[in-house]
Every structure is written in C-alpha cells, then in structure tokens.
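Thanks for sharing this one. Here are a few notes to read alongside the model.

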2 protein chains.
Amino acid sequence: MTEEVAGYFKMLSEPVRLHMLGSICSEGAATIGELTERLGLCQSVVSRHMKLMTEHGVVCKKTEGGRTLYYFADDCLCSICAPVVEKIRARAAEQSRLL
Amino acid sequence: MTEEVAGYFKMLSEPVRLHMLGSICSEGAATIGELTERLGLCQSVVSRHMKLMTEHGVVCKKTEGGRTLYYFADDCLCSICAPVVEKIRARAAEQSRLL
DNA sequence: TGTCTATATGCGTATATTGCGATATGCGTA
DNA sequence: TACGCATATCGCAATATACGCATATAGACA
C-alpha cells in the first residue's frame, strides 16, 4: 500500500501537473490542445502528464464529437491540497515572524 | 505557491520516507540509529531523508542527553493521507469488481 | 477509402534523486 | 584535552523522470 500512496503523491509532485489540475478545475474541462496553449508546453508533454493523472483517477477523459475532453475527477483532491496549502502558509508566516 | 505544494508532495512521494513516518508515528520518536535498524537502510540515507522531512516540518528533532530524537510533527498529515488511502482502496475494489 | 486533425508514443538528452561508502562534524564523558 | 559514539555531509554510480522532436495511431468527414 505504501507504494501506491507514494505513487499518488509523486503524481502530485510536479508543478506542471498541479497547474493542469488547477486549470481544468477552475476553467473547466479541456482538450490536450487547449491545455497545451494554456500552459505553453509541448503537446506531447501535456498528453503524457494527462495520461499519468488519468491512471491515478484525478482526471478522466471523455471523447465526444472528435474532441477528447479531460475532466477534473477527484473531489477528495481539494481536501488533500487544502491542508497542505494551509500548512505552507502557516510555516511561511512563522518564518517571516521570526525575522 | 504551486512549487511549494509540489515540493511537499514530492517529499511524500518516496515509499522509504512514508515508512519512516509510519514508524515514528506508530512506534514513537526514534533516533537516526534506531530508524536505520528498523528500516534496514544505510545511516547516511536515513539521515538525509529525515533532514528533508524536517525541512518540510513533518518531523522535528530534539537533542537531549546525547540522543537526537525525531518526532512526528504534522498532525494534518493524517488528514492528508487518509483520503489517499481511501481512494486507492476504492479504486482497487472497483478494479477487482470489474474482473 | 483517403485525408486531415488531434492525441499518443518512441527516442535521445538533460537533470534530479536515491543508495552506499567514506569522511567530517558535534557532543558527551573520562 | 582526548576519546568514542551518533549524526551529518561529500563523492560516486545507478536509476528515474521531464522535456522536445519526430512519428505512429485514432477518429471524423468528404
């Protein structure tokens, strides 16, 4: 089980992937092409990242009418990220308080 | 902020580190030497991993009487890991149901 | 069926990380 | 101060992963 948990966290450990998740979470589902534009990355890179995240179930893809849309698909992800953000903020505040 | 969040997840993305966390969480605080024995790793490796986790604030170290003890120091970590474990279990169950 | 567009994959390179052994550093104690 | 133990750091080889380019594949439509 430890391997799987570590794998899930590893999937979340890349800033680019977090940007992709944030994008489809806030701006809505998108195709590979749209994400490529939004993030200014190579298409192959986007495709590979989305594949990895699909395998982990944080996004899902649905093809309809020639467009393959990637959806945000992990509601619990917010409850995972929120405390992390909170913790980082708290530590940053603590750091600046000490200086 | 994305960088920091990704860094936090990267810190959690190594099975060995999760084992270390699990060890001091369930068996209590430990020294580098004790963790080295518990995990069957090289002392230098354990030291480096614990340093990284200390920097991220998930553990803290306290030296007293010649022993440097590492404590579990991130209560919110449980609320982060729990949904991940839950999700992986659910997906595994779903997988086996489909077969 | 053939073509066009969108997505996926193979490959090579650059970079980061892990684990180990050796060594340096820090801290009690004789 | 000198010694011994515990921890931290350095250097190296092996491995993993990201990126971009080129190419293969899949699906819609004429």
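The points below cover numbering, symmetry, the DNA surface and one helix.

1. Residues are numbered from 1 along each chain as its sequence is written, and chains are lettered from A and ligands numbered from 1 in the order in which they are written. Please keep in mind that this is a predicted model, in which local features need pLDDT of at least 70, side-chain atom pairs count only at pLDDT 80 or more, and totals for chains, interfaces and linings use all residues.

2. Chain A superposes on chain B by a rotation of 180 degrees with 0.0 Å of shift along its axis (RMSD 0.0 Å); the fit is by least squares on C-alpha atoms of residues with pLDDT of at least 70 in both copies. That is the relation of a two-fold axis. Both copies use the same surface, since 100% of the contact residues of chain A recur in chain B (contact: C-beta atoms, placed from the backbone, within 7 Å).

3. Around DNA strand C there are 18 residues, and Thr31(A), Gly33(A), Ser44(A), Cys42(B) and Ser44(B) come nearest (near: C-beta atom, placed from the backbone, within 6 Å of the strand). α4(A) gives the largest share of this surface, six residues.

4. Which residues of helix α1 (residues 2–11) of chain B are buried? They are Ala6(B), Tyr8(B) and Phe9(B) (buried: 20 or more other C-beta atoms within 10 Å of its own, all placed from the backbone). Seen down the axis of α1(B), they fall within an arc of 155 degrees, so they line one face of the helix (the arc is that of the directions from the helix axis to the C-beta atoms). Their cover includes α1 (2–11), α2 (15–26) and α5 (76–98) of chain A. Helices here are DSSP runs (H or I, at least four residues), numbered from the N terminus.

Conventions:
Helix = DSSP H or I, 4+ residues; strand = E, 2+ residues; numbered from the N terminus. Buried ≥ 20, exposed ≤ 12 C-beta atoms within 10 Å, placed from the backbone. Contact = placed C-beta atoms within 7 Å.
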